[in-house]
Amino acid sequence: MRIIEAVDIRYTYPDGTEALRGINFHAERGEVVALLGPNGAGKSTLFLHFNGILQPTSGKIMIDGEELDYSKSGLIKARQKVGIVFQNPDDQLFAPRVDEDVAFGPLNMGLPEDEVEERVRDALHKVGMLGYESKPPHHLSGGEKKRVAIAGILAMKPDIMVLDEPTSGLDPRGASQILRLLHNLNEEGMTIIISTHDVDLAPLYSDRIYIISDGEIISTGTPSEVFSDIDTIRGANLRLPRIAHLVEILQKEDDLPFEEPYPLTIGEARRKLRNQLR
């Protein structure tokens with residue numbers, strides 16, 4: 001079932017810049033979907049449509065089969081179902097204490113104080129930030145800020161979490177922690193949508209990938225399907241994942257008999273090499 005869908009979304013900024021050009025996009029309930037494209041392709045602009053932060057010039061957003069309503073009550077309903085985590089957590093964190101920041105959404109939903117406290121505790125537990133309740137968010141590391149921003153969305157118990165460049169600015173350990181957290185949330189049933197320009201990350205965690213270039217979706221499918229179209233990938237100013245690129249070189253320059261599509265992960269490459277050796 002399609003839990004969220006963008007139908008022929010077009011968006012033009014006030015200065016006349018056409019940022020989105022007839023975007024069609026959807027995520028099924030329980031999927032992990034990646035929106036992959038270079039900087040400036042329109043990823044963030046599209047994401048801001050998913051819970052009504054931006055309203056399209058034309059087209060519509062469907063959430064759980066209902067068209068997004070831009071009235072005050074309609075936007076509140078949409079934002080309880082679709083939570084967005086911005087690329088820079090400093091754009092999202094503003095309270096003097098971590099627990100106050102995480103509590104902001106549930107309090108604005110009008111929930112009783114004891115339920116808000118329970119949601120804050122549960123959200124901080126899931127992101128591994130229990131014990132940080134009284135700390136000022138601006139004293140945290142980049143990875144810790146990102147986890148608190150995710151906790152603030154989790155506390156609202158959305159069906160869908162949308163993350164703009166979730167590993168941007170993080171060291172490898174911090175990025176791994178965020179990706180493990182997203183995997184665990186998806187295992188619990190949450191639909192996850194991420195934007196990224198990281199071609200090595202997308203095939204590891206995604207059920208499906210959309211390629212966006214200059215405000216248009218130019219390819220969609222499973223990771224294997226999308227990365228098998230090498231000309232489209234490179235035409236969108238992207239590259240093959242490093243494993244696939246290595247195998248491409250071994251095939252073309254060293255005449256190793258790899259079959260396409262190229263492997264996208266170390267595990268896939270290992271299996272193909274073992275089969276070749278046999």
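**Exercise 1. Is arginine 119 buried or exposed?**

Before we start: this is a predicted model, where local features need pLDDT of at least 70, side-chain atom pairs count only at pLDDT 80 or more, and totals for chains, interfaces and linings use all residues. Residues are numbered from 1 along each chain as its sequence is written, and side-chain values use heavy atoms, with hydrogens and water left out.

*Step 1.* Find the residue: arginine 119 sits in helix 4. Helices (H or I, at least four residues) and strands (E, at least two) are DSSP runs, numbered from the N terminus.

*Step 2.* Check the accessibility. Arginine 119 has 12% relative accessibility, so it counts as buried. The cut-offs are under 20% relative accessible area for buried, over 50% for exposed, and partly exposed in between (1.4 Å probe, protein chains only).

*Step 3.* Look at the company it keeps. Neighbours within four places in sequence aside, arginine 119 is in contact with Pro106, Met109, Leu111, Ala155, Met156 and Lys157. Contact here means heavy atoms within 4.5 Å.

**Exercise 2. Place threonine 167 and aspartate 159, and work out the accessibility class of each.**

*Step 1.* Threonine 167 is in the loop between strand 7 and helix 6 (172–187). Its relative accessible area is 14%, so threonine 167 is buried. Beyond four places in sequence, threonine 167 touches Ala175, Leu179 and Leu201.

*Step 2.* Aspartate 159 is in the loop between helix 5 and strand 7 (160–164). With 30% relative accessibility, aspartate 159 counts as partly exposed.

*Step 3.* Leaving out residues up to four places away in sequence, the contacts of aspartate 159 are Ile3, Asp64, Gln80, Lys81, Met190 and Thr191.

**Exercise 3. Describe the largest pocket and the second largest pocket by volume and lining.**

*Step 1.* Get the terms straight. On a 1 Å grid over the protein atoms alone, a pocket is an open set of points where a 1.4 Å probe fits, with protein on both sides within 12 Å along at least five of seven lines; lining residues have an atom within 4 Å of a point. Grid points are joined across faces, edges and corners, and a volume is the space filled by probe spheres set on the points.

*Step 2.* The largest pocket comes to about 610 Å³. Its lining has 24 residues, with Arg79, Phe104, Gly105, Ile153 and Met156 nearest the centre. Two or more lining residues come from each of helix 2 (72–81), strand 6 (82–85), helix 3 (98–108) and helix 5 (142–154). Helix 3 gives the most, at 5 residues.

*Step 3.* Sort that lining by class: 15 nonpolar, 7 polar and 2 charged residues. Ala, Val, Leu, Ile, Met, Phe, Trp, Tyr, Cys and Pro count as nonpolar, Asp, Glu, Lys and Arg as charged, and the others, Gly among them, as polar.

*Step 4.* Now the second largest pocket, at about 270 Å³. Of its 17 lining residues, Lys126, Leu154, Lys157, Pro158 and Met190 lie nearest the centre. Helix 4 (residues 113–126) supplies the largest share, 6 residues. By class, this lining splits into 7 nonpolar, 1 polar and 9 charged.

**Exercise 4. How many residues does each domain bring to the contact between domain 1 and domain 2?**

*Step 1.* The bounds, from an automatic or database domain assignment, are 2–239 for domain 1 and 240–277 for domain 2.

*Step 2.* Their C-alpha centres lie 32 Å apart. The contact takes 12 residues from domain 1 and 9 residues from domain 2.
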